[in-house]
Amino acid sequence: MTRVGRTSVGAAVVLASIIVILRATTGADAPRTIDVTLSRYAFSPERIEVRLGERVRLNVMSADRVHGFEVKELELNARIPAGGRAVSVELTPKETGTFEIKCSEYCGAGHSRMKAWLIVTPGS
Ligand SMILES: [Cu+2]
């Protein structure tokens, strides 16, 4: 009995170690990166689709002047500087749905219509 128990524990430890090694080599823990470019008066892409519970890093940059990247419902807001430097916005969606993304820095006449959508799908 004891012997069988030890063998099972040993096998479990070996299996867990293999999983840890696999995750380290495949980068399974790293967030998925999505590049997002802002310019007067649009987001590219305009629809950002992510899966529920997925770790995502949005690399948000501006192609012209200062903009903002805001998802009010998810309490995300980042100022995106002029000059092309990317700002990382990380998220792990906890609910499915379609969330409005807005520019949160006044950038000119079309500012109020500068919008995009974050779509969180149930995924697998
Ligand atoms: Cu704006």
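Glu 70 is buried in this predicted model, yet the residue has no salt bridge, since the nearest side chain of opposite charge, Lys 72, lies 4.7 Å away, whereas a salt bridge is counted within 4 Å. Glu 70 belongs to strand 5, which covers residues 67-71. Apart from residues up to four places away in sequence, the residues that Glu 70 touches are Leu 76, Asn 77, Glu 100, Ile 101, Lys 102 and Ser 104.

Strand 5 also takes part in the largest nonpolar core, to which it supplies at least two residues. This core has 25 residues, and those with the most contacts inside it are Val 36, Phe 43, Leu 58 and Phe 69. Val 36, when its neighbours within four places in sequence are set aside, is in contact with Phe 43, Leu 58 and Phe 69, and also with Ser 44, Pro 45, Ile 48, Asn 59, Val 60 and Met 61. Among the other strands that each supply at least two residues of the core are those in the table.

| Strand | Residues |
|---|---|
| Strand 1 | residues 32-39 |
| Strand 4 | residues 56-62 |
| Strand 8 | residues 97-102 |
| Strand 9 | residues 115-121 |

The model also holds a copper ion, coordinated at 2.0 to 2.4 Å by Cys 103 (SG), Glu 105 (O), Cys 107 (SG) and His 111 (ND1). Along the sequence, these donor residues follow the spacing C-x1-E-x1-C-x3-H. Both Cys 103 and His 111 are buried. The arrangement around the copper ion is irregular because its four donor atoms subtend angles of 85 to 123°.

Key
Residues numbered from 1 in each chain as written. Predicted model: local features only at pLDDT ≥ 70, side-chain atom pairs only at ≥ 80, totals over all residues. Heavy atoms only, no water. Donors = N, O, S within 2.8 Å, 3.2 Å for Na, K, Ca; no water. Tetrahedral: all angles 85-135°; square planar, octahedral: opposite > 155°, others 65-115°. Buried < 20%, exposed > 50% of the residue type's maximum accessible area, 1.4 Å probe, protein only. Helix = DSSP H or I, 4+ residues; strand = E, 2+ residues; numbered from the N terminus. Lys, Arg positive; Asp, Glu negative; His and termini not counted. Contact = heavy atoms within 4.5 Å. Core = buried A, V, L, I, M, F, W, Y, C linked by side-chain atoms within 4.5 Å.
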